[in-house]
Structures are given as structure tokens and as C-alpha cells.
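Thank you all for making time this morning. I would like to take you through one structure, going from its interior outwards, and I will try to say only what the coordinates support.

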Amino acid sequence: MKITHEIKDNTIIMTLDGELDASSSVMLDEELSDPEIMEYSKILVDCKNLHYISSAGLGVFISHLQRFEDAQIKLIFYNMQDKVRNVFEILGLDLLMTIVSDYEEARSIANE
């Protein structure tokens, strides 16, 4: 798993590349736990190259949801492959998290 960041205005764009499993979820948790991430009002997660997500990976996002909501930080996923999106949908996480088709839609929602 490779995680890269790009900063645009008050938004951090986090790109996930590879498989988000038990071992790589620790790295993601460290990224999302970094106090500096709380300086941004929007976190856009590009999932185009995310090929697999385990329950541990999902758990990391779930564990940070309330913290981001309390800080009024929007967490938006986009470019999600069908097989990854299906995991979110089967577990009902698509009802808790914002998942959109592409970057433009993510940006539009983030700016609402």
C-alpha cells in the first residue's frame, strides 16, 4: 500500500494505491491520526488504485468518522472500483460515508 497526499486550498487529497489490509491499515491509521490532518476542512480519498480493502482497513475509516464529523471535516471517497465499493455497500457503510464517482463530484460536494 502506498499513500500519497496533495494539498489544494483547505483540502487534503489522499491517494490510496494497492491493497488496504491488516498490515497496511496501521499506516493509514497513522496518517489519519496525524494532528495536522485536522487543519483541513476536507479530506478527499482517491480510491482509483485501491484494489482491495479488508475489515481492518474499513475499521480505520470507521474509527475516525466521529472525530472528523465533530471537527466538521468532510471525508469523501471517489474513483472507487466496483469490487471495493461493493464491500462498503454490503456492510452499509455507503450510508455512513460519502462515496461519489469522480474528483469533480467530490470537489463539488466538499464545497457545499
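I will begin with the nonpolar cores, move on to a pair of helices, and then look at single residues.

Please keep in mind throughout that what you see is a predicted model. The largest nonpolar core has 28 residues, and within that core Leu28, Phe61, Phe77 and Phe88 are the residues with the most contacts. Several elements contribute to this core, since at least two residues come from each of β2 (11–20), α1 (22–33), β3 (42–53), α2 (55–70), β4 (74–78) and α3 (82–90). Apart from that core there is another, of eight residues, and among them are Ile13, Leu44, Val100 and Tyr103.

Let me stay with Leu28 for a moment. If we do not count residues up to four places away in sequence, Leu28 touches Ile3, Met14, Leu16 and Leu20, and also Gly57, Val60 and Phe61.

That brings me to the two helices, α1 and α2. How do they pack, and at what angle? Their axes are 8 Å apart, and the angle at which α1 and α2 pack is about 15 degrees. Because angles under 35 degrees count as roughly parallel, α1 is roughly parallel to α2. The crossing in which α1 passes α2 is right-handed. On the α1 side, the residues that meet α2 are Ala22, Ser25, Leu28, Asp29, Leu32 and Ser33, while α2 brings Ala56, Gly57, Val60, Phe61, Ser63, His64, Arg67 and Phe68 to the contact. Sorted by class, this contact of α1 with α2 holds seven nonpolar residues, five polar residues and two charged residues.

Now to the part of the chain after α3. Met97 sits in the loop between α3 and β5 (98–100), and with a relative accessible area of 5% Met97 is buried, because anything under 20% counts as buried. Which residues is Met97 in contact with, once its neighbours within four places in sequence are left aside? They are Phe61, Ile62, Leu65, Phe77 and Phe88, and Phe61, Phe77 and Phe88 were also named among the residues with the most contacts inside the largest core.

Ile99, for its part, is in strand β5, and at 12% relative accessibility Ile99 also counts as buried. Leaving aside neighbours within four places in sequence, Ile99 is in contact with Phe77, Met80, Arg85, Phe88 and Asp94. Between the C-alpha atoms of Ile99 and Leu75 there are 9.0 Å in space, although the two are 24 residues apart in sequence.

I will finish with some loop residues, and first with backbone geometry. As background, most residues other than glycine have a negative phi. Gln72, in the loop between α2 and β4, has a positive phi of about 60 degrees although it is not a glycine. Asn79, in the loop between β4 and α3, likewise has a positive phi, near 60 degrees, in a residue other than glycine. Are these two buried or exposed? Gln72 counts as exposed, at 67% relative accessibility, whereas Asn79, at 24%, counts as partly exposed.

Lastly, Pro35 is found in the loop between α1 and β3, and at 63% relative accessibility Pro35 counts as exposed. The C-alpha atoms of Pro35 and Leu16 are separated by 20 Å, with their positions 19 residues apart along the chain.

Notes:
Residues are numbered from 1 along each chain as its sequence is written. This is a predicted model: local features need pLDDT of at least 70, side-chain atom pairs count only at pLDDT 80 or more; totals for chains, interfaces and linings use all residues. Side-chain values use heavy atoms; hydrogens and water are left out. A nonpolar core is a set of buried Ala, Val, Leu, Ile, Met, Phe, Trp, Tyr and Cys residues joined through side-chain atoms within 4.5 Å. Buried means under 20% relative accessible area, exposed over 50%, partly exposed in between (1.4 Å probe, protein chains only). Helices (H or I, at least four residues) and strands (E, at least two) are DSSP runs, numbered from the N terminus. Contact means heavy atoms within 4.5 Å. Axes are lines fitted to C-alpha atoms, for helices over the stretch in contact, and angles run from 0 to 180 degrees between N-to-C directions. Angles under 35 degrees count as roughly parallel, over 145 as roughly antiparallel, 65 to 115 as roughly perpendicular and the rest as oblique. A crossing is left-handed if the near helix is turned anticlockwise from the far one by less than a right angle, and right-handed if clockwise. Ala, Val, Leu, Ile, Met, Phe, Trp, Tyr, Cys and Pro count as nonpolar, Asp, Glu, Lys and Arg as charged, and the others, Gly among them, as polar.
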